[in-house]
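The following exercises ask the reader to work through a structure step by step. Please attempt each task before reading its solution.

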Amino acid sequence: MKRIRYMVLRNLFLVPFMWFRLFYHAAHVDKYTEEQHFKMLRFIVKRANKGGNVTIEAHGRENIPQKSGFIFFPNHQGLYDVLAILEACPKPFSVVAKKEVENHFFLKRVFACMRAHMIDRNDIRQGLKVITDVSKEVTEGRNYIIFAEGTRSKNGNEVQDFKGGSFKAATKAQCPIVPVALIDSFKPFDSNTIAAPVTVQVHFLKPLYYDEYKDMKTTEIAAEVKRRIQDTIRRNV
């Protein structure tokens with residue numbers, strides 16, 4: 001997290017303005033459209049990345065469905081993952097995140113602006129409600145990120161098993177599933193580097209459409225999405 005200080009110092013004159021905008025948007029969520037929130041968040045993230053010597057390489061944007069109402073399924077490397085995808089993705093999206101992240105001073109406001117769903121992994125009933133709510137919103141045209149590993153990898157670019165239950169919102173909504181391969185996304189916040197240049201790769205892979213996965217079990221979908229992400233990481237590391 002040392003790099004955050006460097007990002008702040010390099011944007012010292014802009015920080016009060018960006019901080020005010022973020023807090024104001026988070027406190028007045030219904031005052032702005034999803035597109036307006038997204039534009040503001042991308043501005044902040046791009047400035048922070050530039051100040052922190054973080055370069056985002058986006059690959060496969062042509063694989064993002066033209067019509068909204070899809071779910072991204074990335075591998076999970078750390079707290080920076082959503083911010084990397086924010087800069088790389090041209091379309092607004094929200095996220096399903098674990099409840100513990102609500103305590104993070106910065107991400108809490110980011111997720112408020114995104115109207116994110118916080119899931120309590122110890123509350124099965126609440127988890128089922130989140131799945132139902134997300135699938136309904138996706139059907140209505142919202143896009144989401146779901147981290148199917150459940151928790152971040154402790155081994156950098158190694159991918160953990162994807163949980164089948166994470167794909168229930170997608171199967172319920174019958175929406176496109178877009179695998180996303182993140183490479184070196186753990187480095188900006190979770191390594192001890194402060195100012196050394198870091199490049200994070202974001203690969204949007206070809207989506208799985210409902211006709212392709214409708215006869216598959218969620219565990220089979222999970223294994224296939226993991227395989228595609230893992231293959232992409234191995235080719236690009």
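**Exercise 1. Pairing of strand β3**

Which residue of β4 does V96 stand opposite? Describe also how β3 is joined to its partner strands in this predicted model.

Solution.
Step 1. Begin with strand β4, residues 117-119, which pairs with β3 in the parallel sense over three bridges. Within this pairing, V96 stands opposite H117.
Step 2. Turn to strand β5, residues 144-146, which runs parallel to β3 and is joined to it by three bridges. Here S94 has Y144 of β5 as its bridge partner.
Step 3. Consider the connection between β3 and β4. Together with helix α5, residues 107-113, these two strands make a β-α-β unit that is right-handed.
Step 4. Examine the surroundings of β3, residues 94-98. Because four of its five residues are buried, β3 is largely enclosed by the rest of the structure.

**Exercise 2. The two faces of strand β6**

How many of the residues of strand β6 are buried, and which residues lie on each side?

Solution.
Step 1. Count the buried residues of β6, residues 177-183: seven of its seven residues are buried, and the strand is mostly covered.
Step 2. Recall the general pattern: side chains in a regular strand alternate between the two faces of the sheet.
Step 3. Assign the residues to sides. I177, P179, A181 and I183 are on one side of β6, while V178, V180 and L182 are on the other. All of these residues are buried, and both faces are therefore covered.
Step 4. Identify the partner strands. Strand β2, residues 71-74, runs parallel to β6 and is joined to it by four bridges; I71 has I177 as its bridge partner. Strand β7, residues 198-204, is joined to β6 by four bridges and runs antiparallel to it; in this pairing I183 stands opposite Q201.

**Exercise 3. Crossing of two helices**

At roughly what angle do the axes of α3 and α4 cross, and which residues make the contact?

Solution.
Step 1. Locate the helices: α3 spans residues 34-51 and α4 spans residues 81-88. Their axes come within 9 Å and cross at roughly 105°.
Step 2. Classify the angle. Angles of 65 to 115 degrees count as roughly perpendicular, and α3 is therefore roughly perpendicular to α4.
Step 3. List the contact residues. Helix α3 contributes F38, L41, R42, V45, K46 and N49, and α4 contributes L83, L86, E87 and A88.
Step 4. Sort the contact by class: six residues are nonpolar, one is polar and three are charged.

Key:
Residues are numbered from 1 along each chain as its sequence is written. This is a predicted model: local features need pLDDT of at least 70, side-chain atom pairs count only at pLDDT 80 or more; totals for chains, interfaces and linings use all residues. Side-chain values use heavy atoms; hydrogens and water are left out. Axes are lines fitted to C-alpha atoms, for helices over the stretch in contact, and angles run from 0 to 180 degrees between N-to-C directions. Angles under 35 degrees count as roughly parallel, over 145 as roughly antiparallel, 65 to 115 as roughly perpendicular and the rest as oblique. Contact means heavy atoms within 4.5 Å. Ala, Val, Leu, Ile, Met, Phe, Trp, Tyr, Cys and Pro count as nonpolar, Asp, Glu, Lys and Arg as charged, and the others, Gly among them, as polar. Buried means under 20% relative accessible area, exposed over 50%, partly exposed in between (1.4 Å probe, protein chains only). Two strands pair if DSSP finds at least two bridges between them. A crossover is right-handed if, with the strands pointing away from the viewer, the path from the first strand over the helix to the second runs clockwise.
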